[in-house]
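Me: I should like to work through a protein structure step by step, with questions and reasoned replies. Please show the sequence and the structure.

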Amino acid sequence: MQHKRKSSLSSEAALSSNKKLKTDEETQTVEHDDAAVALQPSEKPEEDGCRFVGDPVPDDEARRRWPHRYAGKGKGNEIAESKWSKLNSNSEEIVQARCHYTMAEVDGRVVFNLEDEAHAKADEGKEYFICRIIEMFEGIDSTLYFTAQWYYRATDTVIQNSLKSVQFIDAIDNKRVFFSEVKDDNPLNCLIERIRIVRMPSNNKLTKTVSTADNVMSGSESGSTISSDSDVAAVGGGSKIDSEEVSKLNENKKVEMTLLDLYCGCGAMSTGLCLGANMGGVNLVTKWAVDQNSNACESLRYNHPETEVRNENAEDFLALLKEWKKLCDLFPLIDNESSKQDDDESPNEQSDDDDGSDDSEVYEVEKILAICYGDPKGSKKPGLHFKIHWKGYGSDEDSWEPQDCLGTCKDAMKEFVHNGYRSKILPLPGDVDVICGGPPCQGISGFNRFRNKNDPLQDPKNKQLTVFMDFVKYLKPRFVLMENVVDMLKFAGGFLGRYALGRLVGMNYQARLGIMAAGAYGLPQFRMRVFLWGAHSSEKLPQYPLPTHNVVLRGGGPTEFEGNVVAYEEGRRAELEKELFLKDAISDLPPVKNDEERDEMPYQSEAMTEFQQYIRLGKDELLSCSAARCEPLNRSLYDHRPLRLSVDDYQRVCQIPKRKGANFRHLEGVRVCADNKVEWDPDVKRVYLASGKPLVPDYAMTFVKGYSSKPFGRLWWDETVPTVVTRAEPHNQVILHPEQDRVLTVRENARLQGFPDYYKLFGAIKERYIQVGNAVAVPVSRSLGYALAMAAQGLSGEEPVFTLPEIFSRMPAALPVVEDSI
């Protein structure tokens, strides 16, 4: 008789519970061979060779240990549906027991004891299931049962088969199993054999083989949480940390941590993380940041002068880090005896007595200024290059030179490496406490008609996810935070999200996946994004902060991952701040015209809302105010200028009514049918602009087959925006200011993303819109920074979620709120 555990776990099953599960810290030492035990048969031998052995557990003890089995007359022939139905059903039948035992014999030869680990039957051709025996009892219908608490292989978890195409070294050892709290009842004859499971200590490499063990247990599995924590905690609203505890943390000397921001853009994610960590008692510093966009790098460099900003692609930066490690070993700076070499053994050094026949002018290196990996000279020969200042020449003659051309400048090279090592211009393995980033996965975009659904990792446009994980593998940070679009969990059954989880677990990291909406943390936009936490097995796994504000819902998470949306449990009342609207964010900003060209201007009015008071604070004020109330200083307003519309588009915008819901449908000549589809009004002659172009363009009429109301749509004060995007053209999105004939400015978009007003952006106007649209919402990353600080100090709870202190709900401010008439 086959037992009731499903032979293959669906992703819905793997995600149905977001509970924190127990792990076993002790090594299991059950012998694999049958034990020599003097058997005493139970009163009722079974014909299939299965029976309980020895005396039953005394009735009083059994009722105390398993009271649910003696609660009344259950249906003795009802077996719990499956381990997942127990998590999803509140009305499952509980098998009632006649008596309990502690020992059983199966197949007339194998003896099992209570708490043994064992293999259990699976479908034909499938690997045996793995379980711990936590109960043995005879049902009131005389059927013999055991209760299994299940272990899972990686392929049985949310990871599934996402690592099928990775290199063997990056795969998860097939002997690794994860303990869960999922339990169900099964016929005794489903047991096959006893096995031994060893729990590896958290400071060991989990891929180490234990030859005397059948399996190695390396943590616990709960939906999309895989952790190495050992405690069980009840799941409710999560843990809570109050403002008094925050104040006590901030009174003490703050822990210092370093951050590497990959695919950093203009720095929104790391900005929020540092602000939030600071509020939690940790001085998190963005020490290094990397991005291909030169304008974004300039923005980050201006706002974070303490950061070493690298304008290069991620693959080249990773290659550079590996070359930098070789140089540091070469000179020798790192305590690594196996890699140290004497200076005289430098493979690139050439003799000063080298008398070649080349009579060309000889340049002398005065100083090495910088280092990179790639092709800065455009020679189509990528490799390690150094920026050289030549003796006797000005800085305009500085040039990038390949490493193999610098063999005679050992002293300059040694000085550069020594200085760079001391100032940590580049991180070495162990230098980075936190890696964060949002690797672009353009291969999953709905705009990509040639998406690879069978193996998304083979699409070069998704390569950066692998590169991101390779950084983690090389640098071995304490914590990892990855952000991405929700399509990562929708496309190809969530393959890329599962892959990311699997890679972290394969590198001995705990991992946890959550979906967060920006509006739930105090912004007037919905913007749902995926965040993946990783923590080394010796660290606390950071939690997800529960929402602080109500939010106007605009769709939910992917069906398979709906259990990973960070939210309060259904039916639980939570006192949240009211949702924010467009008026709360931008109503204090001075009016500007379509052709505004100033990058800097003064404020013309006082702040009108708490949000506006907070967003006006400077960097030092934000870092120092925490629970105190701060008064913003007088300063200029940056980037409050819109994309300048073409003459034709501007004329169209001027004719869009200034009222809620207005869009191109309100222009002359458009008629809306009963089914909400637009058509040309046959009774109205088509209107043309001075340029000869139509007032209502054809693309507006045909967008989404005529059912869309987005083209030239005007926002309104009591609305939220779905998501701030990278483009500002009004042709297919609602982006017009409520009362001014223009699109929202860069600054208005930045406020919708939670950027402080002090944050100045660089590049052409379109480039600034891109930087803001690609950014992580700052309030979201700020709340995650606080969660990181709690974990880094060992203060995180065991639940996947926690409640933020009140300071995150009530923005610190001191100025009186000025009422407006909008």
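Me: Is Arg63 buried, partly exposed or exposed?

Reply: This is a predicted model, and the class follows from the relative accessible area. Buried means under 20% and exposed means over 50%, with partly exposed in between. The relative accessible area of Arg63 is 41%, so Arg63 is partly exposed.

Me: With which residue does Arg63 form a salt bridge?

Reply: Side chains of opposite charge can pair when their charged atoms come close. For the salt bridge of Arg63, the closest N and O atoms are 2.9 Å apart. The partner, like Arg63, lies in helix 2 (residues 59–65), and the two are four residues apart, which means a separation of about one helical turn. With a relative accessibility of 41%, the partner counts as partly exposed; the residue is Asp59.

Me: Which residue forms a salt bridge with Glu312, and is Glu312 buried or exposed?

Reply: Glu312 has 11% relative accessibility and therefore counts as buried. The closest N and O atoms of the salt bridge are 2.5 Å apart. The partner has 10% relative accessibility, so this residue also counts as buried. The partner of Glu312 is Arg310.

Me: How many residues apart are Asp718 and Lys660, whose side chains meet in a salt bridge?

Reply: The N to O distance in this salt bridge is 3.2 Å. The pair links distant parts of the chain: Asp718 lies in the loop between strand 29 (713–714) and strand 30 (734–736), whereas Lys660 lies in the loop between helix 15 (647–654) and strand 27 (670–672). Asp718 is partly exposed at 39%, and Lys660 is partly exposed at 46%. Along the sequence, the two are 58 residues apart.

Me: How many salt bridges does a search of the whole structure find?

Reply: Salt bridges can also join into networks, and one such network links Asp599, Asp639, Arg641, Arg747 and Arg768. Over the whole structure, the number of salt bridges found is 42.

Me: How many disulfides are there?

Reply: A disulfide requires two cysteine sulfur atoms within 2.5 Å. The count comes to zero disulfides. Cys50, for example, is in no disulfide, and the nearest cysteine sulfur, in Cys190, is 8.9 Å away. Cys274 is likewise in no disulfide, with the nearest cysteine sulfur, that of Cys436, at 8.1 Å; the number of disulfides is zero.

Me: Where does UniProt place the feature "active site"?

Reply: The feature comes from an unreviewed UniProt entry. The residue concerned lies in the loop between strand 20 (434–437) and helix 9 (463–475). At 8% relative accessibility, this residue counts as buried. The position given in the record is Cys441.

Me: Which residues are in contact with Cys441, leaving aside its neighbours within four places in sequence?

Reply: A contact requires heavy atoms within 4.5 Å. With the sequence neighbours within four places left aside, the residues in contact with Cys441 are Lys461, Asn462, Leu465, Asn484, Met488 and Leu496.

Me: Which residues of strand 5 lie on each side, and are they buried or exposed?

Reply: In a regular strand the side chains alternate between the two faces of the sheet. In strand 5, Glu117 and His119 are on one side, while Ala118 and Ala120 are on the other. Glu117 has a relative accessibility of 0%. Both faces are covered, and all four residues are buried.

Me: Which residue in strand 6 is the bridge partner of Glu117?

Reply: Strand 5 and strand 6 (residues 129–139) run antiparallel and are joined by four bridges. On its side chain, Glu117 also makes a polar contact of 2.7 Å with the side chain of Tyr151. The bridge partner of Glu117 in strand 6 is Arg132.

Me: Which residue in strand 9 is the bridge partner of His119?

Reply: Four bridges also join strand 5 to strand 9 (residues 191–195), and this pair runs antiparallel. In strand 9, the partner of His119 is Glu193.

Me: Which are the edge strands of the open sheet with the order 1-3-4?

Reply: The three strands of this sheet pair in an antiparallel manner. Strand 1 is joined to strand 3 (residues 103–106) by two bridges, and Phe52 stands opposite Ala104 in strand 3. An edge strand pairs on one side only, and the edge strands here are strand 1 (51–52) and strand 4 (110–113).

Terms used
Residues numbered from 1 in each chain as written. Predicted model: local features only at pLDDT ≥ 70, side-chain atom pairs only at ≥ 80, totals over all residues. Heavy atoms only, no water. UniProt positions renumbered as here; feature names shortened; annotations may be inferred. Buried < 20%, exposed > 50% of the residue type's maximum accessible area, 1.4 Å probe, protein only. Polar contact = N/O pair within 3.5 Å; in protein donor to acceptor, adjacent residues only side chain to side chain. Pairing = 2+ DSSP bridges. Salt bridge = Lys/Arg side-chain N within 4 Å of Asp/Glu carboxyl O.
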